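Here is a friendly walk through a model and its ligand sites. Have the coordinates open as you read, and follow along.

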Amino acid sequence: QAKSRGRNTYQMFHQSMNDKAERFRILTNDLHQALADNQMTLAYQPIVCLQDRRVILVEALLRWQHDVYGAIPPPDIVTIAENSGQAERLNEWVLQTACRQTMAWRRTGLTEIQISVNISPAMHTRYNLETMVSNVLVQTGLPANKLILEITEDTTMQAVENSLQRLQNLHALGVELALDDFGTGYSSLSQLTLMPFQKLKIDKVFIQQLTPTSKKMSVLKAILTLSQDLGLKVVTEGIETEAQYELMRDAGCQYGQGYLFSKPVEATEVGKMISRDAQQRSDINTFYR
Ligand code: C2E
Ligand code: MG
Ligand code: MG
Ligand code: MG
C-alpha cells in the first residue's frame, strides 16, 4: 500500500514536472510569434503624486494572453525569454511599444507624462542596453527625460561594479533610473549612494499589514528620510486602501501606485485619466492667474 502510494506520488510529481517542461517548451516556441503578431500587449498603470492623487507617470506592464495557457505571468515571460535567447528582443519590443505609446499621448497634448519601463536582469550582462535605449529614443522621438528605466534590486546588486558603469552610461543618456522592488533584495542604502538612481520603488510587501506603530512603519520612515537626504524620490507600490494611502502621504512619500488609484489598464483608458488630471491642473492655474 505504502509502496503504491509512494509510486503514485512520484508519478504525480513526475507528471507535473513534465507538464511544466511541456508548458515551458510550448511557450518558448510561441514567444517569437507572439512578439511578431501582437499577442503581446502592454498594460499601463498610473503612478500618482500622493499630495493630490494626480497621475504623473505610468508604468508599462507586459501582458500575454496565450491560446492554451491563458494569461502568462510577466515574470514567467521574462524567464522564458531569457532562457531562450529572446531577452533582447522582448526588451526591445517593450521599450519600443511603451515609447511609441507615450509619443501618441504626447501628440494629444499630454506632454508632461513620463513612462516607466521594467528592464530584465539579463540586460546587464549580455548585450548593449545603452545602445538599445538610445536607438529607441531616436526612432520614436521620445525625449530622454520622459523615460524611466526600472531596474530590480537583485539585478543591480549582484554585480555592483559591472552594473555601475552601465547605469552611469544610461544616466548619461538623460533617462531616469528607478530601483524597483526595494526592500526585497540585499541592497543597502549605503550602496545606493554609489548608484545613479533618481527614484526608489518600495516593494508592496512593506505596505501590507502596515499600521502607524508597526516596526515596518519605522523602517519606512527611515527609508524616506535617507532617500530625501540622497535626493531620491520614493514611490510606494501596492497601495490598496485609503488608510495605507494616508499613512504614506503623511510620512512624506512623494508617489504611489496601487489598486486604490488604478489597476493596470489599456492605453486609451490611462490616456483619459492623464488628460482629466491635466485639465484639472490647468483649471487651477487659470483660477489663480
Ligand atoms: P513590478 O515591476 O514590481 O510591477 C508591479 C506589479 O504589482 C505588477 O504586477 C502590478 O500589476 C502589481 N500591482 C500594482 N498595484 C498593485 C496593488 O495594489 N496590489 C497588488 N497586489 N499588486 C499590484 P504584474 O503586472 O503581474 O508584474 C509582475 C512583475 O513582472 C513586475 O513587478 C516586473 O518585475 C515584471 N514585469 C512586468 N512587465 C515587465 C516587462 O515589460 N519587462 C520586464 N523585464 N519585467 C516585467
Ligand atoms: Mg516595476
Ligand atoms: Mg516593483
Ligand atoms: Mg515586483
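Let us begin at one of the metal sites of this predicted model. The magnesium ion (ligand 3) is held by oxygen donors from D180 (OD), D181 (OD) and E237, the last of which appears twice (OE and OE), at distances of 1.9 to 2.7 Å. Read along the chain, these donors follow the spacing D-D-x55-E. Distant parts of the chain are linked here: D180 belongs to strand β6 (residues 176–182), while E237 sits in the loop between β8 (233–236) and α9 (242–250), 57 residues apart. With a relative accessible area of 4%, D180 is buried. E237 is buried too, at 7%.

From here, D180 leads to the other metal. This residue bridges the magnesium ion (ligand 3) and the magnesium ion (ligand 2), and the two ions lie 3.9 Å apart. The magnesium ion (ligand 2) is coordinated by E59 (OE), N118 (OD1), E150 (OE) and D180 (OD), at 2.0 to 2.2 Å. In sequence, the donors are spaced E-x58-N-x31-E-x29-D. Once again distant parts of the chain are linked, with E59 in strand β2 (residues 54–66) and N118 in strand β4 (residues 114–119), 59 residues apart.

Are E59 and N118 buried or exposed? E59 has 4% relative accessibility, so E59 counts as buried. N118, at 25%, counts as partly exposed, because buried means under 20% and exposed means over 50%.

Next comes ligand 1. There are 23 residues around ligand 1, and R63, N118, D180, E240 and Y259 come nearest. D180 and N118 have already appeared as donors to the magnesium ion (ligand 2). Some polar distances to ligand 1 are set out below.

| Protein side | Ligand 1 side | Distance |
|---|---|---|
| L62, backbone N or O atom | nitrogen atom | 3.1 Å |
| D180, side-chain N or O atom | oxygen atom | 2.9 Å |
| K204, polar side-chain atom | oxygen atom | 2.9 Å |

On its own, ligand 1 has 800 Å² of accessible area, and the protein covers 84% of that.

Now for the cysteines. How many disulfides does the structure hold? The number is zero. A disulfide is a covalent bond between the sulfur atoms of two cysteines. For C49, the nearest cysteine sulfur is that of C253, 9.8 Å away, and C49 is in no disulfide. The cut-off for a disulfide is 2.5 Å between the sulfur atoms, so this pair does not qualify. C49 is buried, with a relative accessible area of 16%, and C253 is buried as well, at 4%.

A helix makes a good next stop. In α2 (residues 74–83), the buried residues are I77, I80, A81 and E82. An α-helix has 3.6 residues a turn, so residues three or four places apart point the same way. I77, I80 and A81 are among the buried residues of α2, and you can check their directions on screen. After α2 comes G85, whose phi is positive, near 70 degrees.

Finally, step back to the whole chain. The protein has 10 helices and nine strands, and buried residues make up 46% of its 289 residues. Among contacts with a separation of 6 or more, 68% are between residues 24 or more positions apart. The protein exposes about 15,100 Å², of which carbon and sulfur atoms supply 51%.

Technical notes: Residues are numbered from 1 along each chain as its sequence is written. Chains are lettered from A and ligands numbered from 1 in the order in which they are written. This is a predicted model: local features need pLDDT of at least 70, side-chain atom pairs count only at pLDDT 80 or more; totals for chains, interfaces and linings use all residues. Side-chain values use heavy atoms; hydrogens and water are left out. Donors are N, O and S atoms within 2.8 Å of the metal (3.2 Å for Na, K and Ca); water is not among the atoms, so sites may look incomplete. Helices (H or I, at least four residues) and strands (E, at least two) are DSSP runs, numbered from the N terminus. Buried means under 20% relative accessible area, exposed over 50%, partly exposed in between (1.4 Å probe, protein chains only). A residue is near a molecule or strand if one of its heavy atoms lies within 4 Å of it. A polar contact is a pair of N or O atoms within 3.5 Å; within protein, one must be able to donate a hydrogen and the other to accept it, and residues adjacent in sequence count only if both atoms are side-chain atoms. Accessible areas come from the Shrake-Rupley method with a 1.4 Å probe; for residues, only the protein chains shown count as cover. Contact means heavy atoms within 4.5 Å.
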